[in-house]
Amino acid sequence: MSHTFTYRIRVWAIPSFIVLYFCIAGIPALFYLGSGGEKYLAYHFFVFTEVPSREQVTYAVYVTGVKGETIKPVQIQDADTLLADEWRNRPEYARRIEEFGRELSREVRGGDAQHAFEDLITVRPLSYEIREIRYNPIKRYLAGEIISERVIGSFTVK
Amino acid sequence: MLAFLRTLNRATIDYPRTIEAYANDLKVTERILQLVPFLYFFLLYQAFSAFALWQRTPLFTASQFDAVWSVEWLTAFPFDQAILIATSLFLIGTFLASLFFVHRGARIVAFCGLFFYHGFMSSFGAPEHNLLVWIYPLLFLIFLPDVWNRATDVLDRKKVLIAFLGAQIYIGVIYSMAGVSKLWRGFEQLLDGQANVFSPDAFALHIADWLPTVGHPSLIGPFIVEHPLLGWPLFIGMLYFQLFTIYAIFRPKLHFLWGVFLLLFYIFNFLTMNIIYIDSFFLIAALLVYSPFEREARLRDRCIEMPLIGRLVSYVWRA
């Protein structure tokens with residue numbers, strides 16, 4: 001049986017493709033997993049790679065509005081953004097929270113969180129309280145149960 | 001494990017011989033050639049939906065546009081025009097390929113249309129997950145010889161088989177990579193004493209963590225969270241099927257089984273976590289469930305080929 005040169009190239013192109021694809025996309029992504037590197041390589045294969053911990057930490061911002069009522073707590077996913085050096089500079093921190101709230105309200109998919117941020121920006125905030133909440137995702141989902149909640153900072157807007 | 005590695009090695013090394021064998025079966029080539037227009041037609045449908053969606057309500061704004069390298073050239077145009085160009089290329093390319101799939105030129109245009117549209121959709125801060133899986137299969141389809149309107153010889157049929165196998169193997173690589181990454185991280189979490197992919201409540205933890213972020217309850221997600229043990233076999237099964245997809249690709253009798261289980265994986269993804277991947281769903285159906293290879297095989301013969309548990313299945317089935 002005769003084989004043309006292009007046929008032979010085609011046959012071996014596939015195994016070469018597998019090896020190259022895995023080396024370029026797979027191996028670096030495995031090493032960079034969790035550090036953000038996978039975003040640029042093969043992110044789509046590596047979703048839900050990590051099983052969520054049974055004890056998780058989240059941060060909520062409780063805002064008191066201009067009329068004195070307490071607005072629904074706003075869950076902050078990206079705690080690092082909020083708890084960085086800005087914490088020591090309160091006016092700057094307030095601005096960061098508002099910016100973060102607006103940014104998240106554009107991206108957030110959940111209806112409740114969306115409304116919470118609408119409240120946050122339509123009512124002039126008077127004070128903020130940041131709380132650290134520890135929870136088991138399953139227990140919180142089923143019964144709203146949390147392990148612990150503590151205030152880690154608060155301030156009043158001047 | 002060694003036996004498995006030996007089998008995998010044999011399967012991959014035998015792959016040129018597999019092509020030789022199937023090249024003599026006219027039916028296989030015919031089935032592949034019949035499948036091709038449907039692949040392009042599905043993409044045409046997706047392109048039309050995308051075009052209509054963008055024209056009605058832009059999904060993103062100009063300020064969010066951060067072009068990836070493949071569509072850097074689109075920044076030369078105002079954002080409205082960039083949308084029109086990207087969606088039109090996708091629509092025109094897939095329209096041409098749906099009608100003139102017998103010509104390689106049309107298939108090249110379709111590939112370019114998808115490539116640029118996907119690049120455009122990935123230019124808003126995150127990769128576009130849905131259409132991504134179609135890029136390489138479309139690239140491989142370009143290499144199909146234009147043989148729809150004439151009789152084929154053995155060499156033609158081999159070329160058809162190689163192009164189609166390329167698309168199937170790509171699917172195998174990406175799912176197995178997803179499986180390997182889950183296993184890898186699973187061992188890391190296990191060693192750290194954390195909940196991991198082998199934990200009985202792993203699936204329930206995923207659901208309980210994910211559902212509040214999407215804000216909509218799923219149909220059976222809350223039930224699985226309430227009864228975590230029910231989710232355990234589903235999760236381990238998902239890991240097994242993802243991990244061995246590349247193995248299954250080199251075992252044609254397994255294509256159908258793997259296709260069905262991967263479809264179930266997507267269905268359960270939706271039922272439990274409200275995640276929809278229509279594009280991957282269709283691709284799996286086309287390439288694996290309707291795989292042109294070994295369609296007449298019996299279910300028992302398919303099951304016996306399954307990695308790690310094939311012998312057990314054979315023993316149980318015989319009994």
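## The α4/α5 pair of chain B

Helices α4(B) and α5(B) are roughly antiparallel to each other. The reason lies in the angle: their axes cross at roughly 150°, and anything over 145 degrees counts as roughly antiparallel. The model behind this report is predicted. Helix α4 covers residues 79–99 of chain B, and α5 covers residues 104–121. The two axes come within 7 Å. Their crossing is left-handed.

Many residues build this contact. From α4(B) come Ala86(B), Thr87(B), Leu89(B), Phe90(B), Ile92(B), Gly93(B), Thr94(B), Leu96(B) and Ala97(B). From α5(B) they meet Ala106(B), Arg107(B), Val109(B), Ala110(B), Cys112(B), Gly113(B), Leu114(B), Phe116(B), Tyr117(B) and Phe120(B). By class, the contact has 14 nonpolar, four polar and one charged residues.

## The α12/α13 pair of chain B

Helix α12 of chain B spans residues 255–273. Its axis and that of α13(B) come within 8 Å and cross at roughly 165°. That angle makes α12(B) roughly antiparallel to α13(B). This crossing is left-handed.

On the α12(B) side stand His255(B), Phe256(B), Trp258(B), Gly259(B), Val260(B), Leu262(B), Leu263(B) and Tyr266(B). They meet Ser280(B), Phe281(B), Ile284(B), Ala285(B), Leu288(B) and Val289(B) of α13(B). The contact divides into eleven nonpolar, three polar and no charged residues.

## Helix α7 of chain B

Helix α7(B) has 38 residues. At 1.5 Å a residue they should span 56 Å. The end C-alpha atoms are 53 Å apart, which agrees. Of the 38 residues, 28 are buried, so α7(B) is largely enclosed by the rest of the structure. After the helix comes Gly193(B), with a positive phi near 75°.

How do the axes of α7(B) and α10(B) cross? They come within 7 Å and cross at roughly 130°. The two helices are therefore oblique to each other. On one side the contact uses Tyr175(B), Ser176(B), Ala178(B), Gly179(B), Val180(B), Lys182(B) and Leu183(B) of α7(B). On the other it uses Leu239(B), Gln242(B) and Leu243(B) of α10(B). The classes are six nonpolar, three polar and one charged.

## Leu243(B) at the α10 side

Leu243(B) lies in helix α10 of chain B. Is Leu243(B) buried or partly exposed? It has 19 C-beta neighbours inside 10 Å, so it counts as partly exposed; a buried residue needs 20 or more.

Setting aside neighbours within four places in sequence, Leu243(B) contacts Ser176(B), Gly179(B), Val180(B) and Leu183(B). Those four residues belong to the α7(B) side of the contact with α10(B). Gln189(B) is 54 residues from Leu243(B) along the chain, and their C-alpha atoms are separated by 18 Å.

## Helix α3 of chain B

Helix α3 of chain B runs over residues 26–56, which is 31 residues. At 1.5 Å a residue, the expected span is 45 Å. The end C-alpha atoms are 47 Å apart, which agrees.

Which residues of α3(B) are buried? They are Val28(B), Thr29(B), Ile32(B), Leu33(B), Val36(B), Leu39(B), Tyr40(B), Leu43(B), Leu44(B), Gln46(B) and Ala47(B). These buried residues pack against α2, α4, α5, α6, α7 and α13 of chain B. The list includes members of both antiparallel pairs above, namely α4, α5 and α13.

## Where chain B meets chain A

The contact between the chains takes 43 residues from chain B and 33 residues from chain A. On the chain B side, the elements giving two or more residues are α2 (15–23), α6 (129–142), α7 (154–191), α8 (202–214) and α9 (221–226). Helix α7(B) supplies the largest share, 17 residues. By class, this side of chain B has 26 nonpolar, ten polar and seven charged residues.

## Chain A

Chain A holds five helices and four strands. From the N terminus on, its elements run α-β-β-α-α-α-β-α-β. Of its 158 residues, 23% are buried. Take the contacts in chain A between residues at least 6 apart in sequence: 46% of them join residues at least 24 apart.

Terms used
Residues are numbered from 1 along each chain as its sequence is written. Chains are lettered from A and ligands numbered from 1 in the order in which they are written. This is a predicted model: local features need pLDDT of at least 70, side-chain atom pairs count only at pLDDT 80 or more; totals for chains, interfaces and linings use all residues. Axes are lines fitted to C-alpha atoms, for helices over the stretch in contact, and angles run from 0 to 180 degrees between N-to-C directions. Angles under 35 degrees count as roughly parallel, over 145 as roughly antiparallel, 65 to 115 as roughly perpendicular and the rest as oblique. A crossing is left-handed if the near helix is turned anticlockwise from the far one by less than a right angle, and right-handed if clockwise. Two residues are in contact if their C-beta atoms, placed from the backbone, lie within 7 Å. Ala, Val, Leu, Ile, Met, Phe, Trp, Tyr, Cys and Pro count as nonpolar, Asp, Glu, Lys and Arg as charged, and the others, Gly among them, as polar. The expected span of a helix is 1.5 Å times one less than its number of residues. A residue is buried if 20 or more other C-beta atoms lie within 10 Å of its own, exposed if 12 or fewer, and partly exposed in between; C-beta atoms are placed from the backbone.
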